[in-house]
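The following exercises are to be worked with the sequence and the structure at hand. Each task is followed by a solution in steps.

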Amino acid sequence: MIVIGGGISGLAAAWQLRGKADVTVLESDQRIGGKLHTSTIGGIPVDTGAESIMALRPEAVELAQEVGLGAELCDPATAPTTVWTHGRLRPMPAGHVLGIPTEPRALAGTGLLSDEGLERLCREEELPAGPLPRDTDISVAGYLSERIGQEAVDRLVEPMLGGVYAGRADRLSLRAAMPRLAAVAEHGGSIIGALRRVRAAGAPKVAAVQGVRGGTGRLPIAVAQASGARILTGTRARELGPTPSGRWRVCAQTADGPLVMEADAVILALPAYAAAELLRGHSPAAHEDLSAIRHANSAVITMAFDRARMTALPEGNGFLVPPVDGHVIKAASFLTNKWSWLRESAPGSFVLRVSIGRAGEDKELDVPDRHLIRTAVSELHLAAGRMGEPTSARVTRWDRSLPQYGVGHADRVERIREAVAKLPGIELSGAAYEGVGVAACVATGRKAARQVFEG
Ligand SMILES: Cc1cc2nc3c(=O)[nH]c(=O)nc-3n(C[C@H](O)[C@H](O)[C@H](O)COP(=O)(O)OP(=O)(O)OC[C@H]3O[C@@H](n4cnc5c(N)ncnc54)[C@H](O)[C@@H]3O)c2cc1C
């Protein structure tokens, strides 16, 4: 069995196949993990890619437990979601679902919305709303602006989407990017009322997300080790083709030259554009739909400060930034406040990370690293107070990293899956299909591995 792509979805597939097949994972990079990566800054371990895993759905947490990291899972500090808007950091009242408040009146006095914006939001429960037809998709903004008003979309929902998808509410699909909300919309009626009832029925007893002590980048390494798979890094798959005996041949490039391998089945655990290339000659339909999935570029600027010399100590876990305010940064995460293991391992430092980059806004990233660091520091000072200069700073660029689930994405994925089903022995997994988060990627990886045997 060959798995192409050593990110978390490919490694989850390899883990699922342990004991059932000899598995080789081909990874083009020199390291495994893809968008999960822990490195150090000033000697302190920090995640430069994904920093947490969803705990409200089970897949990533279960995988961590299965590979021996259960005792290493930890909750972030409890802190409200905070938005930098109208010139200040403004905590959101508890009880919002992806930025949609379940108690809109609690926003009074927060300064998050203007009086008109708040009134418009509060009218949502009185507005008539027919059910969203099951076969209809619409952009998040297209649906929500009619319900909660444009201002609430701009200042409450948009920052959340920037954080998760690096995408914009007017382009992202309601069904694919906010499936919980789409399910509510299908019933019709007030979405605020429906979300409030869901919350009242039982608030989750676990934190929404968890991290791994020492860095979430430990997860793919642990999965790779526990899987027993043969892992070939520095090995880029270039071509895929059927053999006369009904198997698949993979031609790859390594530093030592070409490598040709055969297997009964191949799992493409790749970004959509990379899967598209390998399927080009075998399924024009899959190639076309995979190629049409756009990916946003982003950058993470990780910084360490000397705590003793900081002029202001930021509070809370960080903040999100609505694009409507015209700032460059889209989020900041105060890692030292958020993760107790990090605070304990480096008590003299304050470590944080800032993210920049939304789909279609590449000009902000098209500058040298030192400019990105400068922008990040000056906007941090504006938002959270003049905290001084970092002692170390590093830019990690994530090019074409977050797939954009545009309107019609779910149908597109269905077409891709139908087309690939005509290629026996080929399976797909990864962030491009049913969710970009680590948990969703783990789910697609394990499902692809099961499909290999079940067909
Ligand atoms: C900055 C950032 C922060 C994020 N934060 C979070 C978070 O906090 N929580 C969360 O749940 N999610 C987060 N995400 C999303 C999540 O990390 C990713 O969606 C997920 O890790 C993707 O996993 P994957 O295995 O599908 O793909 P990838 O991680 O992209 O793995 C695919 C692998 O395939 C390799 N590859 C590509 N082409 C070839 C080829 N031809 N041959 C061989 N190998 C190839 C790549 O090098 C890569 O290692 C974040 C993403 C980014 C970019």
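**Exercise 1: Strand β14 and its neighbours**

In this predicted model, β14 and β15 form a hairpin with two residues between them.

Task: Determine how β14 pairs with the strands on either side in sequence, and which of its residues lie on the covered face.

Solution.
1. Begin with β15 (residues 257-263): it runs antiparallel to β14, and seven bridges join the two strands. Within this pairing, Arg 249 has Glu 262 as its bridge partner.
2. Turn to β13 (residues 236-242), which pairs with β14 in the antiparallel sense over six bridges. Here Ala 237 stands opposite Ala 252.
3. Inspect the connection: β13 and β14 also form a hairpin, with five residues between them, and Gly 246 in the turn has a positive phi of about 85°.
4. Assign the faces of β14 (residues 248-254): Trp 248, Val 250, Ala 252 and Thr 254 make up the covered face, whereas Arg 249, Cys 251 and Gln 253 make up the uncovered one.

**Exercise 2: The contact of domain 2 and domain 3**

Task: Describe the interface between domain 2 and domain 3 by its area and its polar interactions.

Solution.
1. Locate the parts: the domain assignment gives 94-200 as domain 2 and 295-403 as domain 3. Their C-alpha centres lie 27 Å apart, and the contact takes twelve residues from domain 2 and 14 residues from domain 3.
2. State the area: the two domains bury about 1100 Å² between them, with 61% of it on carbon and sulfur atoms.
3. Count the polar interactions: there are two salt bridges between the domains, and four residue pairs are in polar contact across the interface, both residues at pLDDT 80 or more.

Definitions and conventions
Residues numbered from 1 in each chain as written. Predicted model: local features only at pLDDT ≥ 70, side-chain atom pairs only at ≥ 80, totals over all residues. Heavy atoms only, no water. Buried < 20%, exposed > 50% of the residue type's maximum accessible area, 1.4 Å probe, protein only. Helix = DSSP H or I, 4+ residues; strand = E, 2+ residues; numbered from the N terminus. Pairing = 2+ DSSP bridges. Domains from an automatic or database assignment. Contact = heavy atoms within 4.5 Å. Buried area = accessible area lost by both parts, 1.4 Å probe. Salt bridge = Lys/Arg side-chain N within 4 Å of Asp/Glu carboxyl O. Polar contact = N/O pair within 3.5 Å; in protein donor to acceptor, adjacent residues only side chain to side chain.
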